[in-house]
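This report concerns the pockets of one protein model and the residues that line them.

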Amino acid sequence: MSQIYETYWKLTLEYSDFASKNFNECLKIIVDFIDTHDMSEYSKYLYEDLQKEVFKFNPKRNYASVRKSINQFLKLGFINNFLHSYHPKTKDFLRETDVEIKKRIYSEILYDNASFGRSVTEPCDVKEINFLIKTMQVCKSINKDNLSAIMMQNINQKAYLKQNELDSITELAIKRGFINRKYNQVNYLFNICKNILTGIYIDSKHRLTLEKPEFSDSEKDISKTRDAYKQTLYKYDLYNESKKLNNEIICFVENIKYPVLIASHIKPFIKCKEQEQFDSNNGLLLSKNLDYLFDNGWISFKNNGEILCAKNMDLKLQKYLSDKTLDAKYLNARRIKYLEYHRKYVFDDDKSYKF
C-alpha cells in the first residue's frame, strides 16, 4: 500500500503533565537561561549550552530527546521564537502551586501563543489553539470529525471557521478517511482541549464546547468588543477567588449568592494597558446594581475597604450601603493600586441624578 503524505497539525510533547516536576523544572531551566544570557540574537552555541543544562537536569539517551523537551515549550507558547523571550505569564505559571490556577494560566498561554510548528531553529506564529477556540465560539461546539477537519487546515489567512465552512471541510475529511489514519493525533488534541483548557467541556453529545459563566446582558454586549475567551477566563479567576476565600461564589461586597454576578473592572477596560485588561486583581465580583454604581462612579472603596458614596446619592440608598465593605481578604497590593485609580479617575462625589 502506498504511503499517504499530508500536512496537518502535529503536537507531540516530551512532558505532557503540566503539573509534574519534570515539566516545571525543564521550563524553569529555559527561563533562567534566557534571563542570564543575551538571547536577542539566535546563537547555536548558546543553544548547545542550554541543551547541556537540560541534559544535566534529566539525562536522556540522546540529545534529540533533549531538543524535543526544549522545543515543546516553544510549541506550547511558553517560549517565543529563537528563545528570544518568553510569554509574560510564564513566570506566573512557574510560581503558581494551585493546580486549578496553574491550569487557567496554562490555558491563557496556549490560547495566546501556542504554535505547533515552532521549534528553536524554526520560528512560527501560526496559532492553532487560538483558531480552534474561536471556531468553537462561532460554531458553538465541535466533534472529533470536525476537529480532524480543522487539523488539516492551513490557517495563515483566517482567524476562525464559520459553520458552513466547518461542515464542508468535515465532509471532505470524512471522505478522505483522515480521522481513521490519524486517530491518535486527533484524540490527543481532543483530550488536551477536554482536560487542560479552562472553560472547555464535553456536552451531552460528546462534543467540545465552551463553558461560559452566566453572563448578564451588559457582559454579553461587552464580550462582543473584547476577546470572549479571555473575558471568560477573567471571570473564572474571580469565581475561583471567591470559592477559595468563601467556599462559594458570592458578591464581594454584599456577600450574597446572586444568580448572576458581574466581573466588574476596577480600572476601566478601555483605560487598561494590555497586561491590566484581564488581570483578576483589576476586578471585583459584584451584584448587578453594585456593578452599575461602581462602574458609573457613584461608589468606590478606600484602601481599607470602606465604601464611599457620592454625596448626592439617595439617602435611603446611602443608608443601605453604609455598612457594606470590601473585606480585607480581597485587598492585596495590586488591587489597592487599582482602587486608587478608581477613586481618582472614576468616582465622582458630585455626581447627581438625571431624573
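The two pockets are described below, with a table of their values.

The model is predicted, so local features need pLDDT of at least 70 and side-chain atom pairs count only at pLDDT 80 or more, while totals for chains, interfaces and linings use all residues. Residues are numbered from 1 along each chain as its sequence is written, and side-chain values use heavy atoms, with hydrogens and water left out.

A pocket is an open set of points on a 1 Å grid over the protein atoms alone, where a 1.4 Å probe fits and protein lies on both sides within 12 Å along at least five of seven lines; lining residues have an atom within 4 Å of a point. Volume is the space filled by probe spheres set on the points.

| Pocket | Volume | Lining | Largest share of lining |
|---|---|---|---|
| Largest | about 660 Å³ | 22 residues | α12, 5 residues |
| Second largest | about 390 Å³ | 16 residues | α13, 4 residues |

In the largest pocket, E96, I101, D279, S280 and N281 lie nearest the centre. Helices (DSSP runs of H or I, at least four residues, numbered from the N terminus) contribute to this lining: α4 (90-95), α5 (99-113), α12 (228-246) and α16 (333-345) each supply at least two residues. The lining has 12 charged residues (Asp, Glu, Lys, Arg), 5 nonpolar (Ala, Val, Leu, Ile, Met, Phe, Trp, Tyr, Cys, Pro) and 5 polar (the others, Gly among them).

In the second largest pocket, the residues nearest the centre are H87, P88, D112, K230 and E274. Both α5 and α13 (274-277) supply at least two lining residues each. By class, this lining divides into 9 charged, 5 polar and 2 nonpolar residues.
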